[in-house]
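User: Hello! I am new to this structure and would like to learn how to read it. Could we go through it together, one feature at a time?

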Amino acid sequence: MKSSASLIPSKDHTSTTIELTGNDRPGLLSELSAVLADMGCNVINAEIWTHNARAATVIHITDRSTGHAIEDPDRLSTIKELLFNVMKGDSDFKTPSARMFVSTSRETRTDRRLHQMLLADRDFERHNDKFSMELHVTVLDCRDRDYTVVTIRCLDRPKLLFDTVCCLTDMEYVVFHGTVITGRLEAYQEYYIRHVDGFPISSEAEQQRVMECLEAAIERRTTQGVELEVITEDRFGVLSEITRIIRENGLSIKRAEIRRNGGKAKDRFIVSDAMGNGVVDPKTMEMVQKEIGGFGEEEGCGVKVEGNNSSLLLSTKLPKEKHETRTSFSFGNLFKGRSFHNFNKLIKSCS
């Protein structure tokens, strides 16, 4: 298991991008944001994903004093070393040396980059039971047409097609033909692929790897937990304070989206208990809401909680701006009473 840290000055010199991968653990984002605050770094945007006991994050920072990218190489080196030590944590000394690199430019969108980082970190290798969602991936030979056929059946959700195709592309496969059908809850995908060298998959080991990587790519956005949305006045160190409160109440952040715009900080967290269970004690969430609620003294600031089996909205200092409604899915009803038999007949008739 490896950890890595990378700092990338952006081309427009408005921010510095930090990329980190390592072992997931409770309090990780809290420790990272505390280090950045201590080093005078202002977090303007960030996203963190966790999957299969691994974590990857992309953080955009500016210098607190100038509001621009940090360019001093000595300071960047210090920040990089401190963040790497946080990601490494208490790993066993036998853990292989960490990968550390610095790049001058990268323009990949954040979610695509997080997929690439976790794929390179081999988060598809299973060390525990599979994710509980209904997900079926098959990889079959189509020798008469010199293709490999990949089929995927799973719960439909936003960006599912993006995640699937990006995974195949990052694994250096080319999609020659494809079909996607979605129902009320489920989605069916079928792809005819070859490797970039023009050959189909030639071994069972390679087939297994493709299945595992596709499963991981789909699972990364389906973290189970309670959604906590915080809108407050944007000020230096506010992320460190929010994540500290989450950590001190025994919660673990499984996913996070950090945004700064128009003087407001809008942060969205998916949290679980310290053991990774998606159902959190409502009293704990109420305590978190009360502690964080003290930040939102201005109009339009507040805390919103959704999930925990049924949607729960805590009303103290709720934002007055309109929020996008999010959909709750029931994994147990996936594919209930539905069949893709007619779809298979259609494919055969079109062959």
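User: Let's begin with helix 2. How far apart are its end C-alpha atoms, and what span should its residues give?

Analyst: Happy to help, and please keep in mind that this is a predicted model. Helix 2 covers residues 73-88, and at 1.5 Å a residue its 16 residues should span 22 Å. The end C-alpha atoms are 22 Å apart, which agrees.

User: Which residues of helix 2 are buried?

Analyst: Start with the general idea. An α-helix has 3.6 residues a turn, so residues three or four places apart point the same way. In helix 2 the buried residues are Arg75, Leu76, Ile79, Lys80, Leu83, Phe84, Val86 and Met87. Looking down the axis of helix 2, these buried residues fall within an arc of 165 degrees, so they line one face of the helix. After helix 2 comes Gly89, which has a positive phi near 60 degrees.

User: Can we try the same reading on helix 7? Which of its residues are buried, and which exposed residues does the face turned away from them carry?

Analyst: Gladly. The twelve residues of helix 7, 282-293, should span 16 Å, and its end C-alpha atoms are 16 Å apart, which agrees. Thr284, Met285, Val288, Gln289, Ile292 and Gly293 are its buried residues. They cover an arc of only 165 degrees around the axis, which puts them on the same side of helix 7. On the face turned away from that buried side, you will find the exposed residues Lys283 and Lys290.

User: Now the strands. How many residues of strand 4 are buried, and which strands pair with it?

Analyst: In a regular strand the side chains alternate between the two faces of the sheet. In strand 4 (residues 54-63), nine of the ten residues are buried, so this strand is largely enclosed by the rest of the structure. Strand 2 (residues 16-23) runs antiparallel to strand 4 and is joined to it by eight bridges. Strand 3 (residues 41-51) also pairs with strand 4 in the antiparallel sense, over ten bridges. Two residues lie between the strands in the hairpin of strand 3 and strand 4, where Asn52 takes a positive phi near 55 degrees.

User: What stands opposite what in these pairings?

Analyst: Thr16 stands opposite Ile61 of strand 4, while Asn45 stands opposite His60 of strand 4. Ile61 counts as buried, at 0% relative accessibility. The C-alpha atoms of Ile61 and Thr17 are separated by 6.4 Å, although these residues are 44 apart along the chain.

User: How many salt bridges are there, and which parts does the pair Asp123 and Arg220 tie together?

Analyst: The count comes to 22 salt bridges, taking a side-chain nitrogen of Lys or Arg within 4 Å of a carboxyl oxygen of Asp or Glu. The side chains of Asp123 and Arg220 meet in one of them, at 2.8 Å from N to O. Asp123 lies in the loop between helix 3 and strand 6 and Arg220 in the loop between helix 5 and strand 10, so the pair ties together parts that are 97 residues apart in sequence. Asp123 is buried at 0% relative accessibility, and Arg220 is buried at 2%.

User: Which residues are joined into one network by salt bridges that share partners?

Analyst: Look at Asp163 and Arg221, whose side chains meet in a salt bridge of 2.7 Å, N to O. Asp163 lies in helix 4 and Arg221 in the loop between helix 5 and strand 10, so this pair ties together parts that are 58 residues apart in sequence. Salt bridges that share partners join Arg109, Asp111, Arg157, Lys159, Asp163 and Arg221 into one network.

Note on methods
Residues numbered from 1 in each chain as written. Predicted model: local features only at pLDDT ≥ 70, side-chain atom pairs only at ≥ 80, totals over all residues. Heavy atoms only, no water. Helix = DSSP H or I, 4+ residues; strand = E, 2+ residues; numbered from the N terminus. Expected span 1.5 Å × (residues − 1). Buried < 20%, exposed > 50% of the residue type's maximum accessible area, 1.4 Å probe, protein only. Arc of directions from axis to C-beta. Pairing = 2+ DSSP bridges.
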